[in-house]
Amino acid sequence: MVEKRDRRSLKVILSILTAIIIVTSLIIIYAQGYRISLEQGINLKATGILSVTSKPKAASVYINNHLVTATDNIVNLPPGDYDVKIVKDGYTPWQKRISLKKEVVQQTDAYLFRTTPDIRSITFSGAINPVLSPTGTKIIYAVASASASKNNGLYQYDLTNNLLPLSKNQPKLIAVNFHNLDWSKFKFQFSPDGKELLATSQNGNISYLINLEEPIIYQKLQDVTLNKSIILASWKRAESVQIQESIKKLPAVFQNFVSTASSSLALFSSNNERFLYLARSDYNLDDNLILPPPNQSTQAQTRQIKKGNYYVYDIKDDTNFKIGNAQDLTLLSWLPDSNNLIFIQQDKIFTIDYDGTNLRPIFSGKFSNNFLASKTDGSEIIILDDNLYALSIR
């Protein structure tokens with residue numbers, strides 16, 4: 001009796017283990033994109049996997065003009081090329097032609113931008129000669145208001161997120177006007193590390209070097225008029241070194257053509273996976289500098305580098321995309337926390353995906369072509385039109 005009971009228990013355990021193995025195998029096969037096909041009897045058919053994601057979420061997904069699902073979701077389709085369009089009310093559409101391969105996951109990572117940005121004023125008494133720090137975390141500017149003279153001086157506006165979601169960062173007065181020193185009569189330039197500020201009078205007669213990590217006191221202002229050229233030369237060398245260090249993270253061939261000039265800083269995206277650069281010379285970029293992943297981007301890339309053009313190189317994918325000519329794009333930079341770049345062209349602000357697709361205007365109102373900044377979370381861009389304004393674009 002005991003032996004029969006033991007054999008029965010063993011059969012139950014083996015049955016359970018067998019069921020677990022079968023279910024696990026089916027889950028793995030399903031996750032790899034295989035689906036049951038009844039075309040020629042019952043068999044498994046390999047599909048391509050499209051992971052449709054967007055920011056913000058809950059957008060409609062059209063594939064070949066057919067509404068299929070909503071983001072965030074996974075769609076299994078036969079291998080091939082598909083026109084994918086992601087749409088949400090109040091936002092500009094995102095669309096791209098995507099090639100699917102069997103058992104390979106392709107992801108959209110679509111960033112949607114408001115068709116009509118919300119606008120709020122950051123300053124109300126003007127913003128003179130604003131300058132963005134190299135770290136993209138703060139703006140320095142001067143105020144000279146006849147109606148609020150006691151508040152005139154040098155201001156700092158932080159672009160980082162406030163810990164309280166409903167609160168807004170406010171500009172901070174960091175230096176009042178001293179005696180005969182009026183900050184609105186100066187232009188400003190950050191050091192490469194963003195810790196110092198060079199303030200030079202508009203006529204160039206006097207320059208002060210300001211330590212932004214300490215309170216700004218008139219008696220401690222450092223007059224560097226005679227050494228200004230030496231300071232700027234050292235900053236330029238430091239910027240060049242920073243870029244050269246960044247290039248070391250790329251395949252060695254990039255040393256041959258990436259510009260290290262301070263006027264064309266090479267920048268990494270927020271996730272450090274993509275590198276924006278300006279080409280200083282022509283170059284034919286070989287394929288497979290690194291072993292690309294199975295889900296390498298299928299967008300058309302450019303490996304014939306031409307001098308004077310901006311490109312983005314994807315370090316994980318070994319793909320290289322042309323963004324545009326440097327003469328046509330003003331203040332090109334990464335939009336933080338996204339796969340997008342922003343720039344000014346023909347009196348409009350545009351965004352473009354890192355792979356050169358989805359060129360979209362996000363603002364066409366009145367603003368200065370000489371200034372453009374972003375909040376560190378990419379939710380707002382900062383423009384100048386006498387005052388500083390924040391545009392909620394996401």
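The following exercises, each with a worked solution, concern a predicted model of a protein.

**Exercise 1.** State how many helices and strands the protein has, and describe its overall burial, contacts and surface.

*Solution.*
Step 1. Begin with the secondary structure: the protein has two helices and 33 strands.
Step 2. Turn to burial: of the 394 residues in the protein, 43% are buried.
Step 3. Consider the contacts between residues at least 6 apart in sequence: 47% of these join residues at least 24 apart.
Step 4. Finish with the surface: the accessible surface comes to about 21400 Å², and carbon and sulfur atoms account for 52% of that area.

**Exercise 2.** Determine the strand order of the open sheet that contains β12, and identify its edge strands.

*Solution.*
Step 1. Write down the order: the four strands are arranged as β12-β33-β32-β31, and their pairing is antiparallel.
Step 2. Find the strands that pair on one side only: these edge strands are β12, residues 118-121, and β31, residues 373-374.
Step 3. Examine the pairing of β12 with β33, which spans residues 387-392: four bridges join these two strands in the antiparallel sense.
Step 4. Locate one particular bridge: D118 has S392 in β33 as its bridge partner.

**Exercise 3.** Carry out a similar analysis for the open sheet that contains β25 and β26.

*Solution.*
Step 1. Write down the order: this open sheet of four strands reads β21-β22-β25-β26, with antiparallel pairing.
Step 2. Identify the edge strands: β21 covers residues 267-268 and β26 covers residues 319-325, and each pairs on one side only.
Step 3. Examine β25, residues 309-314: six bridges connect this strand to β26, and the two run antiparallel.
Step 4. Locate one particular bridge: Y310 is partnered with G324 in β26.

**Exercise 4.** Where is D318 found, is this residue buried or exposed, and which residues does D318 touch?

*Solution.*
Step 1. Place the residue: D318 lies in the loop between β25 and β26.
Step 2. Apply the cut-off: a residue is buried when its relative accessible area is under 20%. The relative accessible area of D318 is 2%, so D318 is buried.
Step 3. List the neighbours, not counting residues up to four places away in sequence: D318 touches D287, N288, L289, I290, Q296, Q301, R303 and Y313.
Step 4. Look at the side chain: D318 and Y313 are joined through their side chains by a polar contact of 2.8 Å.

Notes
Residues are numbered from 1 along each chain as its sequence is written. This is a predicted model: local features need pLDDT of at least 70, side-chain atom pairs count only at pLDDT 80 or more; totals for chains, interfaces and linings use all residues. Side-chain values use heavy atoms; hydrogens and water are left out. Two strands pair if DSSP finds at least two bridges between them. Buried means under 20% relative accessible area, exposed over 50%, partly exposed in between (1.4 Å probe, protein chains only). Contact means heavy atoms within 4.5 Å. Accessible areas come from the Shrake-Rupley method with a 1.4 Å probe; for residues, only the protein chains shown count as cover. A polar contact is a pair of N or O atoms within 3.5 Å; within protein, one must be able to donate a hydrogen and the other to accept it, and residues adjacent in sequence count only if both atoms are side-chain atoms.
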